[in-house]
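Let's take a walk through this model together, starting with how far to trust the coordinates and ending where the chains touch.

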Amino acid sequence: MSVLGRTLSGWLGALPLLVIVALFLVAPIGVLLARSFITAEGLSLDIWAGLLDSPHTRKALLTSVALGATCAFFSTLIGTPLAWLVSRLTAGPRAAWLGIFNVAAHFGGIGLAFAYVISLGGYGMVTLFARSLGFDLHPPARDSFAALAITYEYANIPLFVLLALPAMGIVRDEWYEAAQTASATRWQFWRRIGLPLLAPFILGGALLSFTWAIGIYGIAYALAGSSPTVPTRLLTLQIGQTIADDAVTGSARAGALSVLLIVLAVVALAGYRLLVRRGLRWFGGHTPADAPTRYAAAGPAGGTAAATSRATAQPRTGNWLRRGLFAIVATLLGLPLLALALYSVATRWTDRALPDGYTLAHWLGAFADDRALNAVLTSLSLSTLTTFLTLALVVPAVYWARTVNPRVRAALETAAAIPFALPFLVIGLALLQFSGMVAPSLQGTYPLLLAGYVAVTFPFVYWAVDGAMAAAGVERLSQAAEACGASRRQTILRVVLPNIRTGLASGAMLAFATVIGEYALVSVLASSVNTIPVWSAHVLLDRNNNPGFAPLAVVTLSVFGLLIALALVVSRVTRGQVLREAPSAGEAAG
Amino acid sequence: MMSVRRPMRRALLVMLVGLAGAACGGAATIGPGAPDPSAAAEQARTFVTYATPNGWGNYGEQFTTFCMFNFGFDCNRPERSQAEDILSAEEVQKFDAEKNNPGAIVADVGILFIPQAEQVHTLADFEPPNAGLLPDGLHGPGWVSTFVGVPAFLVNVGFLESHGLPVPRSWADLLNPAYAHMIGLSRVGVSGSGTYSFVAMNLAAGGSLEDWQPGIDYARQLVPNLTSQMSMETFERGEVPISVRFDFNHGSNLQALRERGIRFELIVPSDGSVYGESTLMMNRYDIAHQDFGKMFMEWVLTDEAQAIFAKFGARPIRSVVGDNRLVVPDEARANWLPDAAYANVRTVDYEQLDPGDIVDIWENQVLGGS
């Protein structure tokens with residue numbers, strides 16, 4: 001076999017995925033970066049100078065950082081004890097809570113913004129209820145900093161918990177027992193042993209929270225995007241508005257603004273890696289990036305479940321304290337859902353504590369509305385296609401990485417960091433500019449959007465499948481299969497796939513949930529493709545012929561119900577093990 | 001400072017546009033030739049328009065009447081109207097962004113944004129023969145003025161009274177601190193109504209198209225009272241009881257409000273407002289619907305079409321400008337405010353107004369300073 005042939009066969013299985021990733025992720029981002037230094041006069045820093053010269057942009061940068069920091073702070077403060085408590089639950093309740101957090105983490109975007117408006121808005125459920133009790137409640141205006149921070153946290157805290165959960169497994173119960181034997185108090189144990197061990201992971205989680213928060217676009221757009229005063233000026237909002245508003249110089253300015261976001265995200269991610277490496281140094285005996293890393297990362301099949309089931313029996317924290325915290329969390333998560341449910345059956349809701357009357361007409365009629373139905377069908381087809389395409393590309397790639405050529409792995413890990421760290425809005429803009437250069441006829445089309453979604457969801461599927469393959473030990477499995485004379489195709493179909501179905505199921509769930517609620521990418525790349533988030537934003541922000549909020553409540557709840565149902569199915573497949581493969585310590589350190 | 005930068009920006013643009021033009025050279029665009037009616041009848045089954053919902057400018061009735069008259073069937077399909085709520089600047093951007101997959105043949109856009117559309121070269125090279133009914137400057141290749149709007153206040157009187165608040169009658173009244181977060185406004189420099197509202201504020205405060213300082217000082221005081229322009233539902237409940245919009249903007253909404261027994265009032269500010277022209281622009285790239293588009297461009301300037309605009313509450317362009325003004329029949333004026341309300345309304349020269357500059361002023365001097 002020639003050198004070329006050997007190289008090719010070493011990469012063959014991963015090639016389709018790598019090509020897609022190169023075309024729809026790596027190249028566009030590279031071009032975006034390059035273009036922020038190129039003006040009509042050649043290489044120049046003009047675009048940057050002009051940007052940083054504008055008080056508006058400076059303020060946006062500051063506000064974005066402040067909002068990111070606020071969200072990171074509260075996510076850490078609330079998420080850390082939550083993650084600890086969940087990690088010490090017995091298998092059943094833990095699976096239930098994980099399912100809830102999983103769905104909550106993916107129930108972001110326009111639907112969540114809508115939920116804020118109808119719960120805590122000036123005429124939201126909570127506000128009206130408090131007023132009817134005589135409290136003159138004035139919740140933060142929907143376009144204010146506080147409103148955005150509260151709404152972000154609904155998705156951010158669950159994500160933090162999912163991310164921090166594997167790390168909680170590293171504090172062993174034996175250590176606490178040992179500390180007790182040495183007559184340490186619980187406080188002393190946490191101060192001297194527990195927190196120092198967990199600190200790098202917690203701080204790392206805070207940094208990731210920060211990165212996510214500064215990159216959020218859909219929620220910010222739905223809450224503050226149409227404001228004439230933009231009290232909460234954010235980089236993402238400014239990017240989105242510049243793209244949408246300015247046909248003349250918009251793309252170039254938005255590109256430079258995006259590079260600001262990229263810089264912030266890369267710095268935060270670098271900090272995260274550093275912290276996680278530090279945290280892992282205690283587990284150094286083996287290769288530092290392997291033992292606890294894998295352990296932390298092999299979510300669905302191995303690590304977390306094993307780590308936490310050991311800790312099950314003894315509740316460490318006072319029972320009432322734990323129950324109280326869980327009750328508060330459940331209430332907070334439940335309130336917006338209750339508001340959605342009430343809105344979906346309200347005839348009209350003026351200014352009383354409860355709707356003026358009730359009807360099922362919205363449920364019966366919501367899908368008779370052409371636009372709503374069209375949006376639901378489009379989103380379902382887009383999510384389903386993305387999920388299957390991504391699985392079909394990722395599975396052979398990961399298999400190749402594990403059994404044929406380890407270098408595939410390095411390439412995949414690097415590429416996976418892009419959608420993980422960079423806001424989808426920035427990726428969308430990069431794709432918009434890049435497609436304009438190389439394939440203008442694709443612009444604004446469904447296929448381009450689909451390719452974009454495959455590129456941004458692949459890391460989540462990749463981590464899930466990779467974790468499952470590690471746990472299943474596919475290397476040994478395929479050696480055994482080959483020894484029995486199986487062809488590679490037979491090995492993959494008959495041996496590997498059945499053994500990684502937990503990874504397939506949770507990866508599929510992640511891809512599906514990501515796409516069905518995604519607003520930033522579609523709004524930048526193909527806003528005429530009428531997905532559920534596009535339709536929802538339209539209904540929420542419509543200034544004129546408003547169809548009312550009821551159909552929006554029906555569709556939003558239906559999506560939520562669908563996600564719950566999927567989570568249930570997935571948890572059935574994974575037999576109650578951890579659903580989410582959080583892109584956790586291992587990947588970042590690896 | 002801005003005036004120095006602008007010519008440079010323009011020069012750069014011309015270069016870029018030239019480059020782009022050279023790059024895609026052969027792409028076919030809509031030329032000036034007369035439409036073919038039988039082709040138009042076919043195209044009437046599939047055309048799409050932006051920012052022209054049934055309830056805006058009466059475009060629903062407009063398309064129905066036009067197609068019944070010319071082709072004998074109603075072409076106002078629900079899918080006809082897309083991107084209903086996008087702002088003027090966004091429309092221009094959309095035409096440009098979609099040039100390889102044109103999404104719509106015509107769109108309603110504020111006249112201030114026509115120069116942007118000309119810069120990025122998205123307008124068809126066609127001008128209807130009857131465009132000459134309008135004075136120069138109100139029509140051009142690929143666009144004609146259709147009707148005028150005046151920034152005005154839609155006020156939920158019932159809500160304000162029940163909260164012991166006065167009804168604002170002038171721009172100066174809007175500064176009352178009691179209206180904190182109560183005044184809805186669209187985005188300045190991006191939407192037609194938001195931009196013209198800022199122009200009107202500036203003139204009322206004593207400024208001119210060259211001197212924005214009075215408007216900046218005024219708007220800085222107004223900012224704490226402003227909030228997002230919201231749906232009629234939020235207006236109705238009193239969440240945003242004062243809405244600054246074009247006077248005609250409320251046509252279809254007003255009827256619904258009346259039916260629900262909401263007490264409201266439409267007020268043209270006593271310290272002055274301005275006429276803002278709405279136009280219909282035609283997408284140069286949507287060749288597949290060019291005959292339909294050309295016929296419709298001609299239609300909107302006919303007496304019938306102008307009366308249909310009037311029915312919705314807007315003053316049709318031919319009734320406010322030109323030598324031989326159109327007399328709008330009484331029954332079409334039912335939704336109009338009395339002429340006396342417009343005593344202090346002025347026309348402004350849109351060519352002196354660059355929305356890009358107004359965005360700069362609004363973002364960096366009004367908001368940036370706060």
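**Confidence, fold and contact**

First, a reality check: this is a predicted model, and chain A comes with a mean pLDDT of 82, with 89% of its residues at 70 or more. Two stretches of chain A deserve some caution. Over residues 285-315 of chain A, pLDDT stays under 50, and the model has 82 contacts beyond four places in sequence for them. Residues 578-590 of chain A also stay under 50, with 65 such contacts in the model. Where pLDDT is low, the predicted coordinates shouldn't be read in detail.

Now over to chain B. Its secondary structure adds up to 14 helices and 13 strands. With 370 residues, chain B has a radius of gyration of 21 Å, close to the 21 Å from the globule rule, so it is as compact as a globular protein of that length. Along the principal axes, the C-alpha atoms of chain B fill a box of roughly 60 × 50 × 40 Å. Of the 370 residues in chain B, 54% are buried. Looking at contacts in chain B with a separation of 6 or more, 77% join residues 24 or more positions apart.

So where do the chains meet? Here, 48 residues of chain B are in contact with 37 residues of chain A. Elements giving two or more residues to the chain B side include helix H1 (2-24), strand S8 (226-228) and helix H14 (355-367) of chain B. H4(B) gives the most to that side, with six residues. By class, the side of chain B that touches chain A has 19 nonpolar, 20 polar and nine charged residues.

Definitions and conventions:
Residues are numbered from 1 along each chain as its sequence is written. Chains are lettered from A and ligands numbered from 1 in the order in which they are written. This is a predicted model: local features need pLDDT of at least 70, side-chain atom pairs count only at pLDDT 80 or more; totals for chains, interfaces and linings use all residues. Helices (H or I, at least four residues) and strands (E, at least two) are DSSP runs, numbered from the N terminus. The radius of gyration is taken over C-alpha atoms; the globule rule is 2.2 Å times the number of residues to the power 0.38. A residue is buried if 20 or more other C-beta atoms lie within 10 Å of its own, exposed if 12 or fewer, and partly exposed in between; C-beta atoms are placed from the backbone. Two residues are in contact if their C-beta atoms, placed from the backbone, lie within 7 Å. pLDDT is the predictor's confidence in each residue, from 0 to 100. Ala, Val, Leu, Ile, Met, Phe, Trp, Tyr, Cys and Pro count as nonpolar, Asp, Glu, Lys and Arg as charged, and the others, Gly among them, as polar.
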